[in-house]
Amino acid sequence: MKTYLSISAALAAAIMVTTALFGAPAHAAGNIALYTADGLEDFYKAILPEFEKKTGSRVSMVDTGSGALINRMETEKDSPKADVLITLPPFTYQAITMGLTASFKSSADAAIPAHRKAADGSWATFIDNYAAFIYNPKLVKAPQTFEDLLKPEYKDMVSYSNPMTAGDGMAVIILLEKMWGEDKTFDFLAKLEQGVKFHTKGTGFLDTLVGRGEITVANGDFQMDMDDKVHGGMAIEPTFLRPAPGHKPVTFSLPYTIQLGKGPNPEGGKALIDYLLSKEVQAKVSDVFGLPARSDVKPEGPNAKVLEDAIKGVEVVTVDWTMIIAKQKAWQERWRSQVIGASTKTLDRVKGP
């Protein structure tokens, strides 16, 4: 990304634009550290240059799994680096309870419905999304149910992201528990593990791995998967699985949320949040198959139609985040002990250089 010279004329212009557009004080310019869950890389490439141009800021990014972001922020707690955090629940709430983020009501607050934000400004939805799975249509038939993943044709060709480090990985447990209860969930995951090739630290790399045939089925989320399919040209197809034959496919809303970090540039963080939640940017989230957080922005265009059609006939269940937050650590430990056990398979595969 571009770096801007701090000459007085340019800085003064940047300050005026920043204040006019975002209501941020002069020192919003400079480096802004964005810690973000993976899956939105193409979107950031499209929208951040305009923000940098208008404000004279430079946005530096750390993108990885949601849990890995929280772990990193915890290690940096005595000297926070993240000015803005974009992550997935339940890690959204974990960041709050650990004191890693601060409350901030953006200029878009009135346009974001109550169910898409916290009343105290501790988080807001950035892009709405759905938990999903993917498969390679060139190599295998689409699995229809979760039990299908236990079939011989998928053995050693299945993967899902580590729920210790990835929000989408935790989403697998959340969805199964919602359908079956806790005991059946972990019994199923223990059986599935016999055919799982490896786990990944984040979820974004799974699209690449499925697309090139190293595995054929994986978890994901609809926004990221459709973006990689259409704009990345990957041989992947998103799907929603059924709890059993004859039942509707099931999913739940799994939004990217946005929070103010406690990094060294809080005004820059606030300016970036205001920008990302602005009507200008929210109108573009359909470009990458996301749903806007704002009620005054209507999803439009062919990509919005794809999402609308994909969710028809799918049961979108409501999850109890309060319960999930209370259970998260116990579920992670149960996954580690009951599912992984003494296995030596890779649990945190990441992209190579």
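**A buried aspartate and the charges around the chain**

In this predicted model, Asp 148 is buried, because its relative accessible area is 13% and the cut-off for burial is under 20%. The side chain of Asp 148 nevertheless takes part in a salt bridge with Lys 151, with N and O 3.2 Å apart. Lys 151 counts as partly exposed, at 37% relative accessibility. This pair thus offers a convenient way into the wider structure.

The protein chain has 353 residues, and 55% of them are buried. Its secondary structure consists of twelve helices and 14 strands. Along the principal axes, the C-alpha atoms occupy a box of roughly 65 × 45 × 40 Å. The radius of gyration of the protein chain is 20 Å; a compact globule with 353 residues would have a value near 20 Å, so the two agree. Contacts across the sequence add to this picture: of those between residues at least 6 apart, 78% join residues at least 24 apart. The accessible surface comes to about 14,900 Å², and carbon and sulfur atoms account for 54% of that area.

Turning to charge, the protein chain carries 39 positive and 42 negative side chains. The centres of these two sets lie 1 Å apart. Salt bridges number 18 in the count, and the pair of Asp 148 and Lys 151 is one that meets the rule.

Two further pairs sit within helices. In helix H2, which spans residues 41-55, Glu 50 and Lys 54 are four residues apart, and therefore about one helical turn separates them. Their side chains meet in a salt bridge at 3.6 Å, N to O. Glu 50 is partly exposed, with a relative accessibility of 32%.

Helix H12, covering residues 321-340, holds both Glu 333 and Arg 336. These residues are three apart, about one turn of the helix, and they form a salt bridge in which the closest N and O atoms are 3.5 Å apart. Arg 336 is partly exposed at 43% relative accessibility, and Glu 333 is likewise partly exposed at 42%.

Salt bridges also link residues into a network. Which residues are linked in this network of salt bridges? The members are Glu 182, Asp 183, Lys 327 and Arg 334.

Note on methods: Residues numbered from 1 in each chain as written. Predicted model: local features only at pLDDT ≥ 70, side-chain atom pairs only at ≥ 80, totals over all residues. Heavy atoms only, no water. Helix = DSSP H or I, 4+ residues; strand = E, 2+ residues; numbered from the N terminus. Rg over C-alpha atoms; globule rule 2.2 N^0.38 Å. Buried < 20%, exposed > 50% of the residue type's maximum accessible area, 1.4 Å probe, protein only. Contact = heavy atoms within 4.5 Å. Areas by Shrake-Rupley, 256 points an atom, 1.4 Å probe, with all protein chains shown as cover. Lys, Arg positive; Asp, Glu negative; His and termini not counted. Charge placed at Lys NZ, Arg CZ, Asp CG, Glu CD. Salt bridge = Lys/Arg side-chain N within 4 Å of Asp/Glu carboxyl O.
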